[in-house]
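Thanks for making time this morning. I would like to walk through one residue and the sheet around it, and I will give the cut-offs as we go.

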Amino acid sequence: QVQLVESGGGLVQAGDSLRLSCVASGRSFNNGNMGWFRQAPGKEREFVAAIGSVGGYIEIADSVQGRFTVSRDMDKNTLYLRMITVKPEDTAVYYCAASLSLQSGRNLEKYEYWGQGTQVTVSS
């Protein structure tokens, strides 16, 4: 059974930092992208960041560029999102996603596997 489990969310203040983690199990995703998406109340799920295999592709959404960093530990099958100087508008459920393809990019429809999300709430 494939499972993606996010952790690291919580209640933080504007300007704070935190790191989200996503541990994948059941199979390897080393041949495809992993990414983060988020969904705020009343809004559609949106792309945050994605990363490919070792030595490859990284893409960050304009809205979080310069504040969020995505990385992955291939040996641990784990994805990370380092968030700094968070803003109230970053409040959302953050979802980890994995793709079997390196062509998935920002397209959430191309990610086959999803975690159940971790809540990040940023107070002003």
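**A buried arginine without a salt bridge**

Arginine 72 is buried, meaning under 20% relative accessible area with a 1.4 Å probe and protein chains only, yet it has no salt bridge, and the nearest side chain of opposite charge, aspartate 73, lies 8.4 Å away. A salt bridge here is a side-chain nitrogen of Lys or Arg within 4 Å of a carboxyl oxygen of Asp or Glu, and for charge, Lys and Arg count as positive and Asp and Glu as negative, with His and the chain ends not counted.

This is a predicted model, in which local features need pLDDT of at least 70 and side-chain atom pairs count only at pLDDT 80 or more, whereas totals for chains, interfaces and linings use all residues. Residues are numbered from 1 along each chain as its sequence is written, and side-chain values use heavy atoms, with hydrogens and water left out.

What does the side chain of arginine 72 reach? It reaches the backbone oxygen of phenylalanine 29 at 3.0 Å, and also the backbone oxygen of glycine 52, at 2.9 Å.

Turning to the sheet, arginine 72 is found in strand 7, residues 68–73, where strands are DSSP runs of E, at least two residues, numbered from the N terminus. The open sheet has four strands in the order 1-3-8-7, with antiparallel pairing, and two strands pair if DSSP finds at least two bridges between them. Strand 1 (3–7) and strand 7 stand at the edges with a single partner strand each, so one side of each is left without a neighbour in the sheet. Six bridges join strand 7 to strand 8, residues 78–83, and valine 70 has leucine 81 of strand 8 as its bridge partner.

Key
Buried means under 20% relative accessible area, exposed over 50%, partly exposed in between (1.4 Å probe, protein chains only). A polar contact is a pair of N or O atoms within 3.5 Å; within protein, one must be able to donate a hydrogen and the other to accept it, and residues adjacent in sequence count only if both atoms are side-chain atoms.
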